[in-house]
Amino acid sequence: GYVPDSWDSEKYFVDISNRPIDLGYRSRAMPFWLGKLGHEKISVMRAIKNHRSSKNLVLDMSVNEGDRLYGENWKIFLSSCKAVLGTESGANIVDFSGDLEKTVDEYVYKNPNITFEQVYDKFLSVYENNVKLAQISPRCFEAAMLKVPMILVEGDYSGILRKNEHYIELKKDLSNIEEVCKNLSNIAYLEKI
């Protein structure tokens, strides 16, 4: 991942105290057959939106394809956020033959109300972590370039980012979600990160 040299961070920089969105996020819903890492993008966003600690925060988070932002609109969005949510990219299930993808997609098509957890238990759990492909997302570099603090779900981030220095860590089990939400109101702390 990288940020092109053409990104002008000074052009888009806004003081954190003047940013209207407390926490922003854009991603896309990944197919179930990619496993937990792909689904984490949705589950973490939903958990934050539904947690009582976030009720007084201005959230602008979506995984809907129609809400995705590109080019100038993405830079403007990032610069409007006091912080952005992120996860590692990639997947920890690799379907070498394509059979798992076909089986899961057919099952989901026939059972449109099925949950990820049900599909995971039925088909995916034996494949989870057959390879480790979790890695840093280019979005981390974009946020850093525009000086937007990151709330990242615990992970390795390719060994590049360090928690409490480069980002605020959100535990996978959400056990520190109240503290993370509280930090979103602490402008001095966000500026330090």
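**Salt bridges and cysteines in the predicted model**

Lys172 is partly exposed, its relative accessible area being 43%. In this predicted model, the residue forms a salt bridge with Glu40, and the closest N and O atoms of the two are 2.7 Å apart. The contact joins distant parts of the chain: Lys172 belongs to the loop between β5 (168-170) and α7 (177-183), whereas Glu40 is part of helix α2 (residues 36-50), and 132 residues separate them. Unlike its partner, Glu40 is classed as buried, because its relative accessibility of 11% falls under the 20% limit.

This pair belongs to a wider set of ionic contacts, as 11 salt bridges were found in a search of the whole structure. Another involves Arg52 and Glu178, for which the closest N and O atoms lie 2.5 Å apart. Arg52 is located in the loop between α2 and β2 (59-62) and Glu178 in helix α7, so the salt bridge ties together parts of the chain that are 126 residues apart in sequence. With a relative accessibility of 59%, Arg52 counts as exposed, while Glu178 is partly exposed at 43%.

A further salt bridge is formed between Lys82 and Asp22, with 3.1 Å between the closest N and O atoms. Here too distant parts of the chain are linked: Lys82 lies in the loop between α3 (71-79) and β3 (84-86), Asp22 lies in the loop between α1 (9-12) and β1 (23-26), and the two are 60 residues apart. Both partners are buried, Lys82 with a relative accessible area of 13% and Asp22 with one of 9%. In addition to these pairs, a network of salt bridges links Arg28, Glu65 and Arg68.

The cysteines were examined in turn. A search of the whole structure returned 0 disulfides. Cys140 takes part in no disulfide, and the nearest cysteine sulfur, which belongs to Cys81, is 14 Å away. Cys140 is also buried, at 5% relative accessibility. For Cys181, the closest cysteine sulfur is again that of Cys81, at 15 Å. This separation is too far for a bond, because a disulfide requires the two sulfur atoms to be within 2.5 Å. Cys181 likewise counts as buried, with a relative accessibility of 5%.

Conventions. Residues are numbered from 1 along each chain as its sequence is written. This is a predicted model: local features need pLDDT of at least 70, side-chain atom pairs count only at pLDDT 80 or more; totals for chains, interfaces and linings use all residues. Side-chain values use heavy atoms; hydrogens and water are left out. A salt bridge is a side-chain nitrogen of Lys or Arg within 4 Å of a carboxyl oxygen of Asp or Glu. Helices (H or I, at least four residues) and strands (E, at least two) are DSSP runs, numbered from the N terminus. Buried means under 20% relative accessible area, exposed over 50%, partly exposed in between (1.4 Å probe, protein chains only).
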